[in-house]
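User: Please walk me through this model in short questions and answers. I would like each term explained once.

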Amino acid sequence: MAGNVLPSLGRVKLTDLAPAEGLPSDSYKLSVSTLSQSLAQYSAAIIQFPVSDGALLRSGLDSARLYFHQKASYPAADMVNTNDPRDWCKTSGYYADPQLWLETYDYRPGLTPLEPNNTMEFPPAGLPDIFSLLGKAARDILDAISFYLNLRSSPFTKVLDNVPLRNGEISSSVLSVCCHTRPSFQGAQHHNFTTQEDGQLVMFSDHEHQVDKSLISLVKSDKAGLHIKDFQGRWVLVDEDLGPQEAIVYPGLALYQATAGYVNPALQRTETTNMQSNLFGRCSLAFKLMPKSMTSLSCSEMRDAGHGVEAQFQLPVPVDDFMQRSHPTDQLFNRQSFQSFNFHATQEGPWIDEMLVQDL
């Protein structure tokens, strides 16, 4: 990675990542380069939405704060998240995880959530529009990564939901509206751990290491607190300096599997320091682009593009089995080496004539 190191997370305009017919523009190539290098170094990047979309995200966060603020101090028994892996594509509506001091409202098109007494739930406002916005962005980012890996156009179409969904279909992808450490929520306040960072005492949930099983995740929060481990093993606060129309993107385990380990998933944790003094806690909008349950994750596209595929990725993996299986993070992140891509400067600019694999 020497010679092409980013000093901080890469910032990329979403409009520059939109694919178009014909030859790729210089702005597209440069944006894909910045995005991919940032994912290789930091397992995350910053996506800049148009100003009008930033207004939608802000209104969504405002609605989320009010929604959770009116919730009960402690959830009913049937509102507590059981973390059953079989429900990975069935969650919808409000649930809480007291151990993580986390409340979530899942918006999943095709499912209508009901309250325990079978009454309709009134969700935070604007979720269909936010789902559509972040879903389109996630697909454009996925296509940009495919371009970088020299795969054919839209190679993951077979494992993604239809756009739009057909009659009777339920979305595999989900928009989670989250609230961490709401002061009036009686979660597990004492089940946290602290660590020393830059001379300051920082507190995190006791579930330190979390990895999404998504292809791509996009997160927009109203306060900083998302830490992701970079390729050197350091925890980086990735959402410290975001503008109103900016969000964090990071890859998940499904993309790691589908790219034969060439795109590492983000190892993340959420800071809870000083949230108790805030009236609303820390709210966020998290979109996860997920593969369909009745499909398989295959590395055939990687082989077709000439990439080496290790033995553990040779056979297709049914998505439903993959989502229900545990994936120990030490097997993912304590490998002797992992693969990354470098760019070669060419006469056409900072792009790639060939992909080099380098052990870091």
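**Overall build**

Analyst: The protein's secondary structure comes to 7 helices and 17 strands. Helices (H or I, at least four residues) and strands (E, at least two) are DSSP runs, numbered from the N terminus. This is a predicted model, where local features need pLDDT of at least 70, side-chain atom pairs count only at pLDDT 80 or more, and totals for chains, interfaces and linings use all residues. Residues are numbered from 1 along each chain as its sequence is written, and side-chain values use heavy atoms, with hydrogens and water left out.

User: What percentage of the 360 residues in the protein is buried?

Analyst: Buried means under 20% relative accessible area, exposed means over 50%, and partly exposed lies in between (1.4 Å probe, protein chains only). Of the 360 residues in the protein, the buried share is 51%.

User: What share of the contacts with a separation of 6 or more joins residues 24 or more positions apart?

Analyst: A contact is a pair with heavy atoms within 4.5 Å. Among contacts with a separation of 6 or more, residues 24 or more positions apart account for 75%.

**Cores**

User: Which residues have the most contacts inside the largest nonpolar core?

Analyst: A nonpolar core is a set of buried Ala, Val, Leu, Ile, Met, Phe, Trp, Tyr and Cys residues joined through side-chain atoms within 4.5 Å. The largest one has 73 residues, and those with the most contacts inside it are L35 and I47.

User: Which helix gives the largest share of this core?

Analyst: That share is 12 residues. They come from the helix spanning residues 127–148, which is α3.

User: How many residues are in the other core, the one with I46 and V219?

Analyst: This core lies apart from the largest one. A266 and A286 are also among its members. Its residue count is 13.

**Helices**

User: How far apart are the end C-alpha atoms of α1?

Analyst: The expected span of a helix is 1.5 Å times one less than its number of residues. With 17 residues, α1 should therefore span 24 Å. The distance in the model agrees: 24 Å.

User: How many of the 17 residues of α1 are buried?

Analyst: α1 is largely enclosed by the rest of the structure. That follows because the number of its 17 residues that are buried is 14.

User: Are α1 and α3 roughly parallel or perpendicular to each other?

Analyst: Axes are lines fitted to C-alpha atoms, for helices over the stretch in contact, and angles run from 0 to 180 degrees between N-to-C directions. Angles under 35 degrees count as roughly parallel, over 145 as roughly antiparallel, 65 to 115 as roughly perpendicular and the rest as oblique. α1 (residues 26–42) and α3 pack at about 90°, with axes 9 Å apart. The two helices are therefore roughly perpendicular.

User: How many residues in the contact of α1 with α3 are nonpolar?

Analyst: The contact includes Y28 and V32 of α1 and I141 and F147 of α3. Ala, Val, Leu, Ile, Met, Phe, Trp, Tyr, Cys and Pro count as nonpolar, Asp, Glu, Lys and Arg as charged, and the others, Gly among them, as polar. Of the residues in this contact, 1 is polar, 1 is charged, and the nonpolar number is 9.

User: What span does α2 reach from its first C-alpha to its last?

Analyst: α2 covers residues 51–69, which makes 19 residues. Its buried residues include L57, L61 and F68, and β3, β4 and α3 are among the elements that cover them. The span is close to the expected value, at 27 Å.

**Backbone and single residues**

User: Which residues does the cis peptide bond with omega about -10° join?

Analyst: Most peptide bonds are trans. P164 is found in the loop between α3 and β5. The cis bond joins V163 and P164.

User: Is T181 buried or exposed?

Analyst: T181 lies in the loop between β5 and β6 (192–197). Its phi is near 50°, a positive value in a residue other than glycine. Because its relative accessible area is 0%, T181 is buried.

User: What is the relative accessible area of S154?

Analyst: S154 is found in the loop between α3 and β5, and its phi is positive, near 45°. S154 counts as partly exposed because its relative accessible area is 31%.

User: What distance separates the C-alpha atoms of Y94 and S176?

Analyst: Y94 is found in strand β3 and is buried at 9% relative accessible area. Its contacts include Y67, M79 and F185. Y94 and S176 are 82 residues apart along the chain, yet their C-alpha atoms are separated by 9.6 Å.

Definitions and conventions. Lists of a residue's contacts leave out its neighbours within four places in sequence.
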